[in-house]
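Colleague: Got a minute to go through this model with me? I'd like to talk pockets, strands and odd backbone angles.

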Amino acid sequence: MNYKEAVIKLKDLVYKWDNIQEVCDNFILAAVLWDSSDIHIEPLTSYVRLRYRLDWELREILEYQNFLHSWIVARFKIMSDLKIDESRIPQDWRISTTIEWKSLDLRVSTLPTIHWEKIVMRIVDKSKKIPSLNSLWIEWRNFTLIEKAISLPNGIILTSWPTWSGKSTTLYSALTNLNKIWVNIMTLEDPVENQVDWINQSQVKPDIWYTFAYWLRTALRQDPDIIMVWEMRDKETVDIAIEASLTWHLVLSTIHTNSASETITRILNMWVQPFLIPASVNAIIAQRLIRRLCTCKKEISLKDIWPETLANIKNAISLTDKAELESRVWDKLKKPVFYEPVWCDKCDGDWYKWRVWLYEVLEITPWVKEMILSWSSAFGINIQAIKDWMISLEQDWIMKALNWLTSLEEVYRVAKSQKG
């Protein structure tokens, strides 16, 4: 069965509404066959809407009548071991199941609304292997810097991220690269998304004060070599992570910022002394996910590109290291060609199939170090990092568009929607 057949069957089941268990099972089946990451079941004024998230975008699948919703909510609560009679407060847990020979974890979250309870389920495919770093479209200079950072015996590696940027994949790929029999790796996650052999994984439990900072203090007594803290949320966590890195531990973590340079100012705003950042930080990674063009793409004339866009492209290329350009797009620069999406049977009008990772890796160079010590702005640090040949997110976007992996429309759509 493909996803189209699954959706048709689902609509038929909802129309008949005589087997709620089968309806709920097919909610999940259709999402899995469509490679969706999330299922949204949303009660509205006069109907309930089912939507799937595919490559970040929510797609409406079907609508059904309100009277069915209480049964569907009850069924998913039973499956995820939640309280059926509690609808006043949010609840969350998980469902472990196997569908189409795939071992799945569904993180179920309920939320009371003015109409009824909304359900969102995040789909985690446990059967998927964690990709290696060299399969994540980390190219040339960026790959060299990341490989160098994780090969050091101590220091901090930070990934800065908005939602849907692929940070989990990058961190797990780095841990897989580091996962050797002779090292002790410990992680605290919120929640544990992938279970990895030979790694000691733990999950945060704030209701019993099992927080990132508390776990870090405990983990340092467990003789770790490598530590992954899911997120730097407060000054206490940052302080302990810096102390750990200075006492010969490698620390990986994430922080919620929009760019690599903003990560530095975010840490400074937590009242961390500036001299501690160059002493402890190996690299700061900013990343995004962008949709990859389907094979049905067609060439677009440079005359059809906005002059402002062309000016931005020329400026970004002029600031890029010549060696980087030669290794990635030199042959494309002689006669630049960009592509745009068109409809075909393979993509079924979606125009894009799967995703491409985009990276910006900030290295603490001597000039960047001076700017940190002088409390410079994120904008100033970013300008200096590019002068020191950092490949910015925009530069990486443009080079991937020149390599026909994505469209300029997609590049600047993501740039606009995630602008900080």
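**Loops, strands and pockets**

Modeller: Let's begin with a loop residue: Asp-223 has 60% relative accessibility, so it counts as exposed. Keep in mind that this is a predicted model.

Colleague: Where does Asp-223 lie?

Modeller: Asp-223 is in the loop between α6 (212-219) and β10 (226-229). Its phi is positive, near 55°, and it isn't a glycine.

Colleague: Why bring up the sign?

Modeller: Most residues other than glycine have a negative phi. Trp-198 is another residue with a positive value, near 75°.

Colleague: Is Trp-198 buried or exposed?

Modeller: Exposed, because its relative accessibility is 58% and the cut-off for exposed is over 50%. Trp-198 sits in the loop that runs between β8 (185-189) and β9 (199-203).

Colleague: OK, switching to strands. How many residues of β2 are buried?

Modeller: Seven of seven, across residues 48-54, so β2 is largely enclosed by the rest of the structure.

Colleague: Which residues are on which side?

Modeller: One side has Val-48, Leu-50, Tyr-52 and Leu-54, the other has Arg-49, Arg-51 and Arg-53, and all of these are buried. That fits the general pattern: in a regular strand the side chains alternate between the two faces of the sheet.

Colleague: What does β2 pair with?

Modeller: Strand β1 (residues 38-43) pairs with β2 in the antiparallel sense over six bridges, and strand β3 (residues 57-64) pairs with β2, also antiparallel, over seven bridges. Tyr-52 shows up in both pairings: it is the bridge partner of Ile-39, and it stands opposite Arg-59 in β3.

Colleague: And what about the turns in between?

Modeller: β1 is joined to β2 by a hairpin through four residues. The hairpin of β2 and β3 has two residues between the strands, and there Asp-55 takes a positive phi near 50°.

Colleague: What's the volume of the largest pocket?

Modeller: About 1,200 Å³. It is lined by 44 residues, and the closest to its centre are Arg-122, Ser-168, Thr-169, Glu-193 and Arg-355.

Colleague: Which elements give two or more residues to that lining?

Modeller: β2 again, along with α2 (20-33), β5 (102-112), β6 (117-125), α5 (167-178) and β15 (352-363).

Colleague: How does the lining of the largest pocket divide by class?

Modeller: There are 20 nonpolar, nine polar and 15 charged residues in it.

Colleague: You mentioned α2. How far apart are its end C-alpha atoms?

Modeller: They're 20 Å apart, which agrees with the 20 Å that its 14 residues should span at 1.5 Å a residue. α2 is mostly covered, with ten of the 14 residues buried; among them are Ile-20, Val-23, Phe-27 and Leu-29. Just after α2, Asp-35 has a positive phi of about 55°.

Colleague: Last topic, closed spaces. How many cavities of 30 Å³ or more are there?

Modeller: Three. The largest cavity has a volume of about 50 Å³, and β7 (155-160) and α7 (235-246) are the elements that give two or more residues to its lining.

Colleague: Which residues line the largest cavity?

Modeller: Ile-156, Leu-158, Met-232, Val-238, Ile-242, Ile-255, Ile-267 and Val-281. By class that's eight nonpolar, with no polar and no charged residues.

Methods:
Residues are numbered from 1 along each chain as its sequence is written. This is a predicted model: local features need pLDDT of at least 70, side-chain atom pairs count only at pLDDT 80 or more; totals for chains, interfaces and linings use all residues. Side-chain values use heavy atoms; hydrogens and water are left out. On a 1 Å grid over the protein atoms alone, a cavity is a set of points where a 1.4 Å probe fits but cannot get out, and a pocket is an open set with protein on both sides within 12 Å along at least five of seven lines; lining residues have an atom within 4 Å of a point. Grid points are joined across faces, edges and corners, and a volume is the space filled by probe spheres set on the points. Ala, Val, Leu, Ile, Met, Phe, Trp, Tyr, Cys and Pro count as nonpolar, Asp, Glu, Lys and Arg as charged, and the others, Gly among them, as polar. Buried means under 20% relative accessible area, exposed over 50%, partly exposed in between (1.4 Å probe, protein chains only). Two strands pair if DSSP finds at least two bridges between them. The expected span of a helix is 1.5 Å times one less than its number of residues.
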